[in-house]
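Let's take a walk through a protein together. Have a look at the picture first, then read on.

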Amino acid sequence: MVGTRKRKKPSSRGLLSNYRLLCKQAMMFRALKCASKQRRRQAKRKRTDSHSEELVKDSKSSRGNPDKDQTQRDTWEVDSGFSEGSPPISGRSSPCLSTISASLVALDCEMVGTGPGGRCSELARCSILDYHGNVLYDKYVRPCHPVTDYRTRWSGIRPHHMLNAAPYAQARQEISDILQGKVVVGHSLFNDFRVLGICYPHHKVRDTGATHLLRRLAGFPRRRRVSLKILAGKLLNRHIQLGNKGHCSVEDALAALDLYKLVACQWEWELQKLLTEHHSLAQYMQDRYWPVEDDDNSEAIAS
């Protein structure tokens, strides 16, 4: 029609510019927040690394003559269960473990193969040390099934060790009694607990093969699994599992114990923080943290 005016479409430039401005501000805020978190994480990592390096330096300075230690190690009787001699006790201690040192033990087991081709692993020897490295338990164990592969190169077990070995059921009961309520230190402990048939509480296990603290201290990637032999050689300057006589469960347990003491403070702090957060969440989920309606209000609502 003549005289009608065309309506102008509303411009979207203003809305689009405002949207872009908000997105830019949000991205800047997120970048600043991430940078702040990164700086805090780097500062915390530097403090942890410096503390770990001090512990390593102290352990190296307090170590005696390595030639003498090697001579003494050669005199041990690996296949006798240390009936005539005992290994040197652990001289390391951690200042933050004074409260749990009495309830901390180190565990290591040696296995043999049973079944077709020796594919099934069964317990053949178990050693338990206290916090100071003293031997609490060290016995050969007779498997429930006939041994088809002694795995001597790794286990150090030979046929004559099974002559006077303790029955599996008896040894398992004795080991369970010693571990009751204890914090257990060891390397790849899931293998040991599997052959022992024990389901141990996760918060009482200190597996030196699973923690990232020792891998970081040794300079390995975070997710890489490192053997006890490599960690002991790099961090303790200790050579274990040498020769073809096999591993020694007492020596391996002692190495795992000393490795744990290098990072014990940081390890226990991280675990305590995790347990505290879990406990707080569990308490929050309890009914007492939810609002309780008054009886009068509930009756009024029901009516």
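## A tour of the fold

Right after helix α7 comes Asn 237, which has a positive phi, near 55°. Keep in mind that what you're looking at is a predicted model. Helix α5 has a follower of this kind too: Gly 197 comes after α5, and its phi is positive, near 70°.

Now zoom out for a moment. The protein has 303 residues, and 37% of them count as buried. Its chain folds into ten helices and seven strands. If you take the contacts between residues at least 6 apart in sequence, 63% of them join residues at least 24 apart. On the outside, the protein exposes about 19700 Å², with carbon and sulfur atoms supplying 55% of that.

Back to the two helices. Which residues of α7 and α5 are buried, and how wide an arc do they cover? Here they are:

| Helix | Buried residues | Arc around the axis |
|---|---|---|
| α7 (residues 228–235) | Leu 228, Leu 231, Ala 232, Leu 235 | 95° |
| α5 (residues 189–196) | Leu 189, Asp 192, Phe 193, Val 195, Leu 196 | 165° |

The buried residues of α7 lie on the same side of the helix because their arc is only 95°. The same reasoning works for α5, where an arc of only 165° puts the buried residues on the same side. There's a handy rule behind this: an α-helix has 3.6 residues a turn, so residues three or four places apart point the same way. As for what covers the buried residues of α5, the list includes β1, β2 (120–130), α4 (168–179), β6 and β7 (205–207).

Just before α7, in the loop between α6 and α7, you'll find Ser 227. Is Ser 227 buried, exposed or partly exposed? Its relative accessibility is 34%, so Ser 227 counts as partly exposed. Ser 227 also shows how folding brings parts of a chain together: Ser 227 and His 187 are 40 residues apart in sequence, with 8.2 Å between their C-alpha atoms.

Next, the inside. In soluble globular proteins, nonpolar side chains tend to be buried together. The largest nonpolar core here has 31 residues, and the members that touch the most others are Leu 104, Leu 235, Leu 259, Leu 262 and Val 263. Two or more residues come from each of β1 (104–114), β6 (183–186), α6 (212–218), α7, α8 (249–262) and α9 (264–284). The top contributor is α8, with nine residues. A second core, separate from this one, has 22 residues, including Ile 128, Ala 166, Val 184 and Ile 198.

What does Leu 104 touch, once you skip its neighbours within four places in sequence? Its contacts are Leu 129, Asp 130, Tyr 131, Lys 182, Val 183, Val 185, Leu 257 and Tyr 260.

Tyr 131 has another partner worth finding. The charged end of Lys 261 sits over the Tyr 131 ring, 4.1 Å from the ring's centre.

Finally, the rings. There are two aromatic pairs in the structure. One of them joins Phe 193 and Tyr 200: their centres are 5.4 Å apart, and the pair counts as stacked, with 10° between the planes. Are these two rings on buried or exposed residues? Phe 193 has a relative accessibility of 9%, so Phe 193 counts as buried. Tyr 200 is buried as well, with a relative accessible area of 15%.

Methods: Residues are numbered from 1 along each chain as its sequence is written. This is a predicted model: local features need pLDDT of at least 70, side-chain atom pairs count only at pLDDT 80 or more; totals for chains, interfaces and linings use all residues. Side-chain values use heavy atoms; hydrogens and water are left out. Rings of Phe, Tyr and Trp (its six-membered ring) pair if their centres lie within 6.5 Å; planes under 30 degrees apart count as stacked, over 60 as edge-to-face and the rest as tilted. Buried means under 20% relative accessible area, exposed over 50%, partly exposed in between (1.4 Å probe, protein chains only). A charge sits over a ring if NZ of Lys or CZ of Arg is within 6 Å of the ring centre and within 35 degrees of the ring normal. Helices (H or I, at least four residues) and strands (E, at least two) are DSSP runs, numbered from the N terminus. The arc is that of the directions from the helix axis to the C-beta atoms. A nonpolar core is a set of buried Ala, Val, Leu, Ile, Met, Phe, Trp, Tyr and Cys residues joined through side-chain atoms within 4.5 Å. Contact means heavy atoms within 4.5 Å. Accessible areas come from the Shrake-Rupley method with a 1.4 Å probe; for residues, only the protein chains shown count as cover.
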